[in-house]
Amino acid sequence: MNRHQDALHLYAVNPRSTVAQLLIKESVPRYVKEEVIEGTIIGKNHILLPSDRDGYMHLYLYNMNGQMLRKIGGGNYDITHIYGMDENSGDVYYQAAALNPHDRQVFVAHRNGKSERLTDREGVNNAIFSTDYQYFINIWSDYNTPYVFTLCNNKGKTLETLVDNRQLRNKLASYNLGKRETFSFTTSEGVKLDGWMVKPVDFDAAKKYPVILYQYSGPGSQQVMNAWNSGSMGGGGSFEHYLAQQGFIVVCVDGRGTGGRGAEFEKCTYLKLGALESRDQVETALYIASRPYIDKSRIGLWGWSFGGFNTLMSISEGRGVFKAGVAVAPPTDWRYYDSIYTERYMRTPKENPDGYGDNPITRAGKMNAALLICHGTADDNVHPQNTFEYAEALVQADKDFRELYYTNRNHGIRGGNTRNHLLRQIANFFIEHLK
């Protein structure tokens, strides 16, 4: 891989002579996704390479001399996981967002070019295949149903239900939680975005509700997925349901840069991380505010890691739609982050000074919301320096804010009572400023 990460070369090397033969050169606009390296399978007689060279992530089968034999997947959808290849039959097993960007199904592609869908329920299906590809365990869930594990044969026939989580479903039913509702809208820039919301169980359309937006927004990520683990803390959106019980409507929208919608939608943020992502969260707030049951003067936003970065970018975007924001463990200047991740999307500071120059620190003077910023002092991913420097920028810009540090906690900010404490601070901050 070159440093710009837009060209990947796959070689065969003779260990005795050390002669290297270039087999495959994968070169695409902007950057080669890390899933290409992650997902490449080198078998006994074949190489299976994922690539978004045609605008969507599909699979390309090569022989061991680097000659391409066939393409797997050809529609306007992404193949999202590769389970493996049965080299005897030529069958390739994979997961794809073929029904829509928020759904995942398991497929098999045969040697003759035909593909079959092996799963039959909308939602998110994942699979664990036996080594001979005769059977797989299907793991299925949707927004409102905990994981169900079934044993299937390689034709997709269900042989046995292994775990149905009935006890958990019954327990959740006793809590009288709401359900996530999905929606779509088009921004002022003509971009169609998808999201979900959780309303209070006793929702009254005649009332005006405060809103909390949650997002992550990082490259290739998805929070709007028809899966049990969608939401800030997973678990069927448990934290979102808790906030709804406090009288909030909770909303989540995946903006530009997120995954499941092809290379152009995902890679349009190249060299300008945060610019489009923050614009789309502001557009989300404006759209939500137009609904008759929303109090547009009480909209908050929060996120963790990249979501924290985008929270800070969004509350400093300039249109002033957010009354409060919470940023947990946020990068605040990409110069402080690790080079292999940052340069994949931003190149180097010397090559891209304008992209690096637009960040939460340089936007600090435009920050116009009540802000809580949280960080672990032992964060091994987004180093606390990010928050230290941002806090100093806010002080010099004469901006009031709160900061909360967790001693010796890493990027996950967990251990003992820590996570419970952190989530209570987030909830109470929004209750204080939005209610």
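Leu22 counts as partly exposed, because its relative accessibility is 40%, a value that lies between the limits of under 20% for buried and over 50% for exposed residues. The structure described here is a predicted model. Within this model, Leu22 is part of strand S2, which covers residues 20-27, and together with Tyr11 and Val13 this leucine makes a nonpolar surface patch of about 290 Å².

**Salt bridges**

Strand S2 also holds Glu26, which is linked to Arg53, a residue in the loop between strand S4 (46-51) and strand S5 (58-63). The two side chains form a salt bridge in which the closest N and O atoms are 2.6 Å apart, and the pair connects distant parts of the chain, since the partners are separated by 27 residues. Glu26 is buried, with a relative accessible area of 2%, whereas Arg53 is partly exposed at 33%.

In total, the count comes to 20 salt bridges in the model, and three of the pairs, including the one between Arg53 and Glu26, are set out in the table below.

| Pair | N to O distance | Relative accessible area of each partner |
|---|---|---|
| Arg53 and Glu26 | 2.6 Å | Arg53 33%, Glu26 2% |
| Arg319 and Glu317 | 2.8 Å | Arg319 37%, Glu317 18% |
| Asp333 and Arg335 | 3.1 Å | Asp333 8%, Arg335 43% |

Glu317 counts as buried because its 18% falls under the limit of 20%, while its partner Arg319 counts as partly exposed. In the remaining row of the table, Asp333 is buried and Arg335 is partly exposed. Salt bridges can also share partners, and in this way Glu189, Arg256, Arg279 and Asp280 are joined into one network.

**Nonpolar cores**

Which residues have the most contacts inside the largest nonpolar core? They are Val211, Leu213, Ile249, Val251, Phe322 and Tyr390, in a core that has 33 residues. Several elements each supply at least two residues of this core, among them strand S17 (209-214), strand S18 (249-254), helix H5 (275-289) and helix H9 (385-396). Helix H5 gives the most, with four residues.

Tyr390 offers a closer view of one core residue: apart from its neighbours within four places in sequence, Tyr390 is in contact with Leu312, Ser316, Thr332, Pro360, Ile361, Ala364, Met367, Leu371 and Ile373. There is also a second, separate core of 29 residues, which includes Trp196, Val224, Leu423 and Leu434.

Definitions and conventions. Residues numbered from 1 in each chain as written. Predicted model: local features only at pLDDT ≥ 70, side-chain atom pairs only at ≥ 80, totals over all residues. Heavy atoms only, no water. Patch = residues over 30% accessible without salt bridge, like charges linked within 9 Å, V, L, I, M, F, W, Y side chains within 5 Å. Areas by Shrake-Rupley, 256 points an atom, 1.4 Å probe, with all protein chains shown as cover. Salt bridge = Lys/Arg side-chain N within 4 Å of Asp/Glu carboxyl O. Buried < 20%, exposed > 50% of the residue type's maximum accessible area, 1.4 Å probe, protein only. Core = buried A, V, L, I, M, F, W, Y, C linked by side-chain atoms within 4.5 Å. Contact = heavy atoms within 4.5 Å.
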